[in-house]
Amino acid sequence: MKRLNTCIRFQQGLFVLLLSAVAFGCKREPITWTVDVALPLVDDGWSWVDVIEVSSENGSIDVEEGAPAVLRFEGPVADWEIPSLTELPDTIVAQELTPDFTGGPFPVPPGTVLLDTEEDIVFEGIDQQFSGLVLSGGRIDYLVESSTNGYVELQYDFPSVTIGGEPVELKVVLPPSDGVAFQTESGTIDLAGAVIDLTGVSGNEINRIASQLVIGTPADITDTAQVYGTDSIRVKMNFQDMFVEQVGGYFGQETVAFDVDKTVFQPADFPSGFLQIEPTRAKLQFRNTIAADIRLQLDALSVDGIAVSHPALGIPQQIARADWSGGEVEPTVWEVDLLETAPSLFDLLGYLPEAVTASGEALLNPLGDVSGGQDFLDTRQPPQLYLDFEWPLEGAVEHFRVVRSLALEGTDLTGFTGELIVRITNGYPVHWNVTGTWDYEDPAIDPEVFSAEAAAFPMTEVTEVRIPIDEARLASPAILIIEAAMTSEGPVQFTGAERVRLQVAYDGTYQVSVQ
Amino acid sequence: MRGWLTYLFLVLACAAQGQFDSLTWEATAWGQHRSNALSGELGGLLIRGGQIDRTLVESAQAAQAGEVGTFGYTSGVAVNWRSLRPWKETEARLCGSFQFKTLGDIRWTPEVFDLVFTGNVGHLGRWDVLDGSRFRTGTWIQAAIGLEGANRNRMELWLVYCTQSMDGRIRNGHFYVSEGLDYLTGYVRGHMGWAEGGSWGLATNAEWHFLREEAPFAFHLRVQNLGFTVAPKWTELQVDTLVETTGLTFTGPGLSVESLMESAGASEIITTLNERYRFGLIPFRMDASFEYPLGPRSGWDVQAQIGDWMPVPRAVTGYRRAIGKRWQAGVQLVAGGWGRFRPAAWARWRKPGEHAWMLFIEDPLGWGSNAAYGRGITLRYQNL
């Protein structure tokens, strides 16, 4: 018995010890300490290719190194759109079947055809004579209604509309109506990628879709419909939002405005300065990719409202149709030499204008239907203004200012304090003045302004700026505005190998917290 | 596996039935932690939480010097028993044990300690080697049955249940940041794994005692926890990644600010390995001790221990003396294990023919000073 009591006392003690350990373990607070951290964060640089690639979305641009380097750009600068060829008007087709008797009911056994008709759906509001097209998008919203006291089957076939090689068809079976309300069914047929033959039932029409509508009672449902003279079956097809990918036919003689307004230098990004631009080649081409003749007349060319004259302005240019016979487009090109403008277009561009504007008009098929309805447009390859440009990188740069801003979201880093060390190595033969403003959303924090100066290459000294950062500054959303001003001492020659290197490192203290 | 082991243990337990009505036993509870670098104050903050002052970190750096830093802890409860009746007309008697034990071992290179607790500013231009940093923990519940022969020589078979185990290790690694803050390289190859549930296993304990009336000394040899466990589901995160950069580009291929912001974080460099079964050895321990009488009431002890995940063997030497008829006490010097030289003391009180209590204190300064590098206590009750 004594041993047993000892044993029980021992177990009680052990239990108390374990309980204490658990209670002690629950009272844990976070472990915190500070560490001094120094790390490289960013090492990036900008060569000519990096700078130019940003400004070119479609064209081929490169810099050929040399003395001087030569910048070449070849690519589209503007597309020409003809809305009447690229978007079809919405079209509604409605059919209603009513018995040609009064009274009733008359029994209609299963499998009876009440209506079987072939007819063309005519697209209204199209001035052109389309014979076929491919849609990039579009849909048919349909609604079928029946007041018949019996099952009704409706089949609407569009043999001239195919998607993936299969003709589009609508098959609906409506249950019997209660005699008070119509039985209805509605839905949507997606027409993206649909190939549409617009020559109608006869095959010789234009702007028409052949269709066959069959209405009757379903053969596989053993129910005899009771039809009254007041019953009706209605179907409504709404062709909507149809956008064209390819279209063929005769496009008519339509005059389309030809206005191009091209942004060159955004004032917010390029507030002021002068850049000497003296290209050796600057050809502006109009590339006709439509299989239809065009008569193009450019009436005016201006730079920020300053009119520029050119021998080609005001003179109609007959541009022959593109050749699509091989499946691939062979555009017809009309070209003007921009070096022949007066005053020089590029002298004006050197002062960093906001926009270059060209205006005129173009007439489709000026000679009528010379192709016999074989006009063709693929909207994926629209007519374009195309620039072929070559510029030896040589000239003066005067107070050329570039402004960039970066929105920074707040970051929660408790106990963070230190410096961002920003180092700039300038490889361009121009002098840089950089001013940065870190503007915090929190009004309690003063904006941080820092400036740096980088001498023109080959003065290879590294410019270093230290920007204080801390927990409060990082927590506040902010805008970082960097303004760089560049000046050369007279004309300079760029070799194409120039590069600016930006390095950012962090040196500071961080309070670590482990829960 | 689990069912088979339980069945085996039940068979042995049934065989022992009838032996338990007359037995003697002893219970031991112990706990200790020790480090060669972390003071009691710093260790306490790491366990309980709070702000770690830089002076504490610097003092730990000074204590660690250029050696590998170590911290270990062990605690548990053990009950050993033996029957007073002979086993089937032999000289042997049934014996057994029950033990609950938890063990942890953490090691780090000086570079890892500096990088974690002070940062890398003092290391610019230096190659920091991270190889060999490791931590592992485990908790076991064990029950054993065996036979005890003459001189209390004893052999036991343990059924082991490991409630949790974890193992993390940096096998290779380095870190370097240039003084100009324009180059960084870091490499880590390592793993961290843990058992998703409890694991079962078997182990043996053996004790051999050289006790002769004609010999003026005694020698004891003990091997504990020599065995294995099988974890039914083991998860291991593995990393083998080299980063080398002069700084990130804002955008572009490879490592950039943009790709880093769009990345899924550390999961992109970690490989998760799930093993159906994992075989693991239980940390065993071997003790060898030698006792030599210096007189009729005093003696000299030497003890060496290896195993239990200790980074170096633990050696103990001491002087003991009987005081009166009931008291016995001793002082010792302890070296090795997870820490440096430290003193220890013990006292034993017994009531002849009934029971005895023994209290062992390792590093008594650790109980009163935050500057000590650990402390330990063992309390034992013996039913005589």
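Two strands are taken to pair where DSSP finds at least two bridges between them. In this predicted model, that condition is met across the chain boundary, where two bridges join E1(A) to strand E2 (residues 50-51) of chain B and the two strands run parallel. Within this pairing, Ile31(A) has Gly50(B) as its bridge partner in E2(B). The two strands belong to an open sheet of five strands with mixed pairing, ordered E32(A)-E29(A)-E35(A)-E1(A)-E2(B). Its edges are formed by strand E32 (462-470) of chain A and by E2 of chain B, each of which pairs on one side only. At the chain A edge, strand E29 (residues 416-426) of chain A and E32(A) are antiparallel and are linked over nine bridges, with Val422(A) facing Val465(A) of E32(A) as its bridge partner.

The contact between the chains involves 25 residues of chain A and 29 residues of chain B. On the chain A side, the elements giving two or more residues are helix H1 (2-26), strand E1 (31-47) and strand E35 (499-514). The largest share of this side, 14 residues, is supplied by E1(A). Classified by residue type, the side of chain A that touches chain B comprises 15 nonpolar, three polar and seven charged residues.

On the chain B side of the strand pairing, helix H2 of chain B has Gly40(B), Leu42(B), Gly43(B) and Leu45(B) as its buried residues. These buried residues pack against E1 of chain A, and also against strand E1 (23-35), E2 and H3 of chain B. H2(B) is followed by Gly49(B), which has a positive phi near 95°.

In helix H3 (residues 54-64) of chain B, the residues Val57(B), Ala60(B) and Gln64(B) are buried. Because the buried residues of H3(B) fall within an arc of 60° when seen down the helix axis, they line one face of the helix. That buried side packs against helix H2 (40-48), strand E3 (69-86) and helix H4 (110-117) of chain B, whereas the face turned away from it carries the exposed residues Thr55(B), Glu58(B) and Ala62(B). Just after H3(B), Ala65(B) adopts a positive phi of about 50°.

The largest nonpolar core contains 69 residues, of which Leu133(A), Leu135(A), Ile196(A), Ile294(A) and Leu296(A) touch the most other members. Strand E15 (residues 233-250) of chain A makes the largest contribution to this core, with eight residues, and at least three residues are drawn from each of domain 2 (70-82 + 254-392) and domain 3 (87-250) of chain A. A second, separate core of 19 residues includes Val57(B), Phe71(B), Trp309(B) and Ala372(B). With residues up to four places away in sequence left out, Leu135(A) touches Leu191(A), Ala192(A), Gly193(A), Ala194(A), Ile196(A), Met242(A), Phe243(A), Val244(A) and Glu245(A).

Also in chain A, Ile82(A) lies in the loop between strand E3 (70-79) and helix H3 (83-86). Ile82(A) counts as buried because it has 20 C-beta neighbours inside 10 Å, the criterion for burial being 20 or more. Although Ile82(A) and Glu254(A) are 172 residues apart along the chain, their C-alpha atoms are separated by 9.5 Å.

Technical notes: Residues are numbered from 1 along each chain as its sequence is written. Chains are lettered from A and ligands numbered from 1 in the order in which they are written. This is a predicted model: local features need pLDDT of at least 70, side-chain atom pairs count only at pLDDT 80 or more; totals for chains, interfaces and linings use all residues. Two residues are in contact if their C-beta atoms, placed from the backbone, lie within 7 Å. Helices (H or I, at least four residues) and strands (E, at least two) are DSSP runs, numbered from the N terminus. Ala, Val, Leu, Ile, Met, Phe, Trp, Tyr, Cys and Pro count as nonpolar, Asp, Glu, Lys and Arg as charged, and the others, Gly among them, as polar. A nonpolar core is a set of buried Ala, Val, Leu, Ile, Met, Phe, Trp, Tyr and Cys residues joined through C-beta atoms within 7 Å. A residue is buried if 20 or more other C-beta atoms lie within 10 Å of its own, exposed if 12 or fewer, and partly exposed in between; C-beta atoms are placed from the backbone. Domain bounds come from an automatic or database domain assignment. The arc is that of the directions from the helix axis to the C-beta atoms.
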